[in-house]
Amino acid sequence: MSSDELATTTSLCPDCLEPVPGRYERRAEGVFLTRECPDHGSVSRQVWGSFDHWEWAAEFGPDPEHDGGDLTVDPDHACLAVVEVTDDCNLSCSFCFASSGPGGEGRSTAEIDALLDTVVEAGGRPIQFSGGEPTVRDDLPELVTRARDRGIDHVEVNTNGTRLATEDGYARTLADAGVTAIYLQFDGLTVDTYERIRGVDLVDEKRDAIDACRAADLPVVLVPTVVPGVNDDEMGDIVRFALDNRDVIRSVNFQPVAHFGRYDQHEGRYAIDDATRQLAEQIESLDPRDMLPAPCCSAYCQIGTAFVPREADVGEDSDDGRGADGDDFPFVPLTQFVDDRLWDTLSGLVDEGDYMELLAGTAAGQKWACKTASCCGVDAGGVADLFDEVVAVSFTGFMDADAADVNRLSNCCISVPTTDGDLVPFCGYNMTTTDGDYALRNRNGWGGRETVDGGRATEPTTDGGASR
């Protein structure tokens, strides 16, 4: 191993997405992934902004190794299954994993049933109905009911919120059908942000969608796509907005932009450690290392904390939070009350299915939080009272072809069910080559889109399809 080589892995060539040897290298302060393809030569991309942060994160979570088999997710491991119900969408965003837009195809009810059966047969887990834009389907409430009837207790809807904002009673309809949380696209608080990322001003619609969910008692997770030079300076304001509306907003999941689908700038990816440091610059009570790795996937995939009221009685050793001098921000990261070793212990108590419940702020998530607190000698009643005041904040670093690491993919906690009974890693399913070809969607004939600009690989029937 050379002096600048940090580790070796199996990677994927960004031009053909075939497995090739890869190595992590330290260059200046950052970490690069270099790989050699016999057909396309050598390529090296920066995947982590700071070596010190990369080295620190490696102390947490699992150290997965690919077993050499098919690229699928162990049914005992996946936290969340993403069920795509349509390629249709009422927006044409500049950034889209699935390259969706108006006029896309909807999956048949029979096909969706098969995907739900895959989830159930794999042991069940929380699901997220996605697309495209799932709310363009008039039968979405029926699909939610079909999932709940199969014993799937946590059903999120991943949406841009337009229908929630504009159709009276729609949020209540979804809640009555059994939706447990809304995963709301929410890129910022300014008109310019939405016009640059989504192509249209959506500021008022986002607030109206949140108000509709509040009236329906439907928890909301805010999901900002973070693009450097566009809305990265709004991250702190988004957290403050979430805290101001914590009666309905349970979590913020920042998704730094990566090269997927409809986004053709290979140099535009945004490492999650860089994004974390920028958020910390915008919130004085936050230190970058308050964002601790998630318990189930790679330490380089997801990191997070939860903001709690500064005066909260979390434990005997509670204090005002480091880095808070002169800061009147009334919330501090929960991770400031636990050291890294205790966090590792707490993480080991998390059932992987409960992790998504916790982020979404559902009743099941509250139950887990109280149970874990009791195990660690903390008053569970106090935790229950605190739960309504807490807002989780996380970063998900989706893995594009530039950062492809097969070991991490095989341990992915966000899966996509297929009609042939497999759970496949979300990032692998959506990964695109330099030329815009999809990897697993096209390669394995699961009916996904072949290329960024092309149609679906197979034509589904549309008896339960999309309508606007």
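**Entry 1. Cavities**

I looked up the largest cavity of this predicted model and found that about 850 Å³ of space lies in it. I noted that 47 residues line this cavity, and that Phe97, Asn158, Val223, Thr225 and Gln255 are the closest to its centre. Strand β11, residues 249-256, gives the largest share of the lining, with four residues. I sorted the lining by class and recorded 23 nonpolar, 18 polar and six charged residues.

I then took the second largest cavity, which holds about 150 Å³ of space. Its lining has 17 residues, and those closest to the centre are Val47, Trp48, Arg269, Tyr300 and Arg408. By class, I recorded 14 nonpolar residues, one polar residue and two charged residues in this second lining. My search of the whole structure returned four cavities of 30 Å³ or more.

**Entry 2. The chain as a whole**

I recorded 16 helices and 17 strands in the protein chain. The chain has 468 residues, of which 61% count as buried. I looked up the accessible surface and found about 18,200 Å² exposed, with carbon and sulfur atoms supplying 44% of that area. Among contacts with a separation of 6 or more, 68% are between residues 24 or more positions apart.

**Entry 3. Nonpolar cores**

I kept a general point in mind here: in soluble globular proteins, nonpolar side chains tend to be buried together. In this model, the largest nonpolar core has 117 residues. The residues with the most contacts inside this core are Ile127, Phe129, Ile182, Leu222 and Phe254. Helix α8, residues 235-244, supplies the largest share of the core, six residues.

I followed Leu222 outward and left aside residues up to four places away in sequence. Leu222 touches Leu184, Phe186, Ile210, Ile238, Phe241, Ala242, Ile249, Ser251, Val252 and Asn253. Apart from the largest core lies another core, of five residues, and I noted Ala306, Val332, Phe337 and Val390 among them.

**Entry 4. Helices α8 and α9**

I found α8 mostly covered, with seven of its ten residues buried. The buried residues of α8 are Met235, Gly236, Ile238, Val239, Phe241, Ala242 and Leu243. As background, an α-helix has 3.6 residues a turn, so residues three or four places apart point the same way.

For α9, residues 272-282, I listed Ile272, Asp273, Ala275, Thr276, Leu279, Ala280 and Gln282 as buried. What do the buried residues of α9 pack against? I found β4 (41-48), α1 (51-57), α8, β11, β13 (302-309) and β15 (391-396).

I also looked at Pro288, in the loop between α9 and β12 (292-293). Pro288 touches His53, Thr276, Arg277 and Ala280, residues up to four places away in sequence not counted. Pro288 and Gln278 are ten residues apart in sequence, and their C-alpha atoms are 8.5 Å apart in space.

**Entry 5. Backbone geometry**

I began from the general expectation that most residues other than glycine have a negative phi, and that most peptide bonds are trans. I then recorded the following departures.

A cis peptide bond joins Gly131 and Gly132, with omega at about 15°. Gly132 lies in the loop between β6 (127-130) and α3 (140-149).

Leu17 is not a glycine, yet has a positive phi of about 60°. I placed Leu17 in the loop between β1 (5-12) and β2 (19-27). Is Leu17 buried or exposed? Leu17 counts as buried because its relative accessibility is 2%, and the cut-off for buried is under 20%.

Asp217 is likewise not a glycine and has a positive phi of about 55°. Asp217 is in the loop between α7 (203-215) and β9 (220-223). Asp217 is exposed, because its relative accessible area is 64%, and exposed means over 50%.

**Entry 6. Asp70**

I found Asp70 in the loop between α1 and β5 (80-84). At 65% relative accessibility, Asp70 counts as exposed. I looked up the pair Asp70 and Val424, which are 354 residues apart in sequence and 9.2 Å apart in space, C-alpha to C-alpha.

Technical notes
Residues numbered from 1 in each chain as written. Predicted model: local features only at pLDDT ≥ 70, side-chain atom pairs only at ≥ 80, totals over all residues. Heavy atoms only, no water. Helix = DSSP H or I, 4+ residues; strand = E, 2+ residues; numbered from the N terminus. Buried < 20%, exposed > 50% of the residue type's maximum accessible area, 1.4 Å probe, protein only. Contact = heavy atoms within 4.5 Å. Areas by Shrake-Rupley, 256 points an atom, 1.4 Å probe, with all protein chains shown as cover. Core = buried A, V, L, I, M, F, W, Y, C linked by side-chain atoms within 4.5 Å. 1 Å grid on protein atoms, 1.4 Å probe; cavity = no way out; pocket = protein on both sides within 12 Å on 5 of 7 lines; lining within 4 Å. Points joined across faces, edges and corners; volume = space filled by probe spheres on them. Nonpolar A, V, L, I, M, F, W, Y, C, P; charged D, E, K, R; others polar.
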